[in-house]
Amino acid sequence: MSTNLGAEIIKTVGVTKRFGELVAVNKVDYLLHENEVAGIIGANGSGKTTFFNLVTGYFPPDEGTVYYKGEDITGTPPEQRVAMGMMRTFQLTSTFDNLAVIDNLVLSYFRAYQKHSLFHLFTNTCKKHRKNEKIQAIVETFELQDVADREVRHLGLGEKRRLEIAMAILAEPKVLLLDEPLAGLAENEIKAVLSVLRRHIGTQTILIVEHKISHVEDFLQRLTVMHEGRVIADGGYEECLRDPEVRRSYWQIDVSEDGVEEACS
Ligand SMILES: Nc1ncnc2c1ncn2[C@@H]1O[C@H](COP(=O)(O)OP(=O)(O)O)[C@@H](O)[C@H]1O
Ligand SMILES: [Mg+2]
């Protein structure tokens, strides 16, 4: 669907993960290119988060291979994958809830660029760096001006989600991995999060997991649909919606008997 695809950044070949008898991820082949904004959708329990965990190295696959820029990283630990440029929110960018928004951004910035110990930064230099150009730019992009001095524990969920993504982006990751970043958000907060993410389309590789397709239909360039651990469709939005297996399993309808319309509502 998308033109001018960049180089391959993440590739999985036949990755499988079992939990006892359950095959949570079943022989998944996946390919993500640089600067692509792609999504994985599927019902709860279809294996999306488990697949993410295999890609980010949270646990190894039972079978198959994970590549990053052509290099086999199947056995590479998560911290090392972060250092290589794979950034996942919610697990690796935890916020400090008793600190102000701006100071969380300062800490994130220094974690990525400087070798100062965090403790040294806390006690001596946090205030000094609040005006840093890069940090100020991210405050604006993510529309955090009004809450910059507020402690994180007093933020609304949508504001906190924007902060978490801002913190991840400050580290200039090669690929940003977002596992249900819209979960629990109200409609207006979803719009706000997507609008800040949109500003990075074309310059940032983004892989987003979402179980509600309606949230991301006009955001993603490519969709991959998972069902019971397998990829059942991959391609453009329309193409995936028309796919009979997607319609049968994801929307739980029988396509042989009725029309397309009710499937997509
Ligand atoms: N740590 C685990 N131990 C056992 N079963 C798990 C574990 N993680 C996930 N599962 C199971 O694997 C399947 C896929 O789960 P998950 O990847 O979380 O799906 P999704 O993110 O699509 O909702 C589910 O049946 C889930 O119960
Ligand atoms: Mg999940």
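**Exercise 1. Determine how far helix H1 is covered, and identify its buried residues.**

Step 1. In this predicted model, helix H1 spans residues 48–56; helices (H or I, at least four residues) and strands (E, at least two) are DSSP runs, numbered from the N terminus.

Step 2. Buried means under 20% relative accessible area, exposed over 50%, and partly exposed in between (1.4 Å probe, protein chains only). By this criterion 8 of the 9 residues of H1 are buried, and the helix is mostly covered.

Step 3. The buried residues are Lys48, Thr50, Phe51, Phe52, Asn53, Leu54, Val55 and Thr56.

Step 4. After H1 comes Gly57, which has a positive phi near 90°.

The conventions are as follows. Residues are numbered from 1 along each chain as its sequence is written, and chains are lettered from A and ligands numbered from 1 in the order in which they are written. Local features need pLDDT of at least 70, side-chain atom pairs count only at pLDDT 80 or more, totals for chains, interfaces and linings use all residues, and side-chain values use heavy atoms, with hydrogens and water left out.

**Exercise 2. Establish the strand order of the open sheet, and state which strands stand at its edges.**

Step 1. Two strands pair if DSSP finds at least two bridges between them. The open sheet has 4 strands in the order E2-E1-E4-E5, with antiparallel pairing.

Step 2. The edges are held by E2 (22–33) and E5 (71–72); each has a single partner strand, so one side of each is left without a neighbour in the sheet.

Step 3. H1 packs on this sheet and touches E1 (8–19), E2 and E4, its direction making about 120° with that of E1. Contact means heavy atoms within 4.5 Å; axes are lines fitted to C-alpha atoms, for helices over the stretch in contact, and angles run from 0 to 180 degrees between N-to-C directions.

Step 4. At one end of the sheet order, E4 (residues 63–68) and E5 run antiparallel and are joined by 2 bridges. Tyr67 has Asp72 in E5 as its bridge partner.

Step 5. Between E1 and E2, also antiparallel, there are 8 bridges, and Thr12 stands opposite Tyr30 in E2. These two strands form a hairpin with 2 residues between them, where Gly20 in the turn has a positive phi of about 60°.

**Exercise 3. Locate Lys27 and Glu228, which have a positive phi without being glycine, and decide whether each is buried or exposed.**

Step 1. Lys27 has a phi of about 50° and is found in strand E2. Its relative accessibility is 57%, so Lys27 counts as exposed.

Step 2. Glu228 has a phi near 45° and lies in the loop between strands E9 (222–227) and E10 (230–235). With a relative accessible area of 58%, Glu228 is exposed.

**Exercise 4. Characterise the protein as a whole.**

Step 1. The secondary structure comprises 10 helices and 10 strands.

Step 2. Of the 265 residues, 51% count as buried.

Step 3. Of the contacts between residues at least 6 apart in sequence, 64% join residues at least 24 apart.
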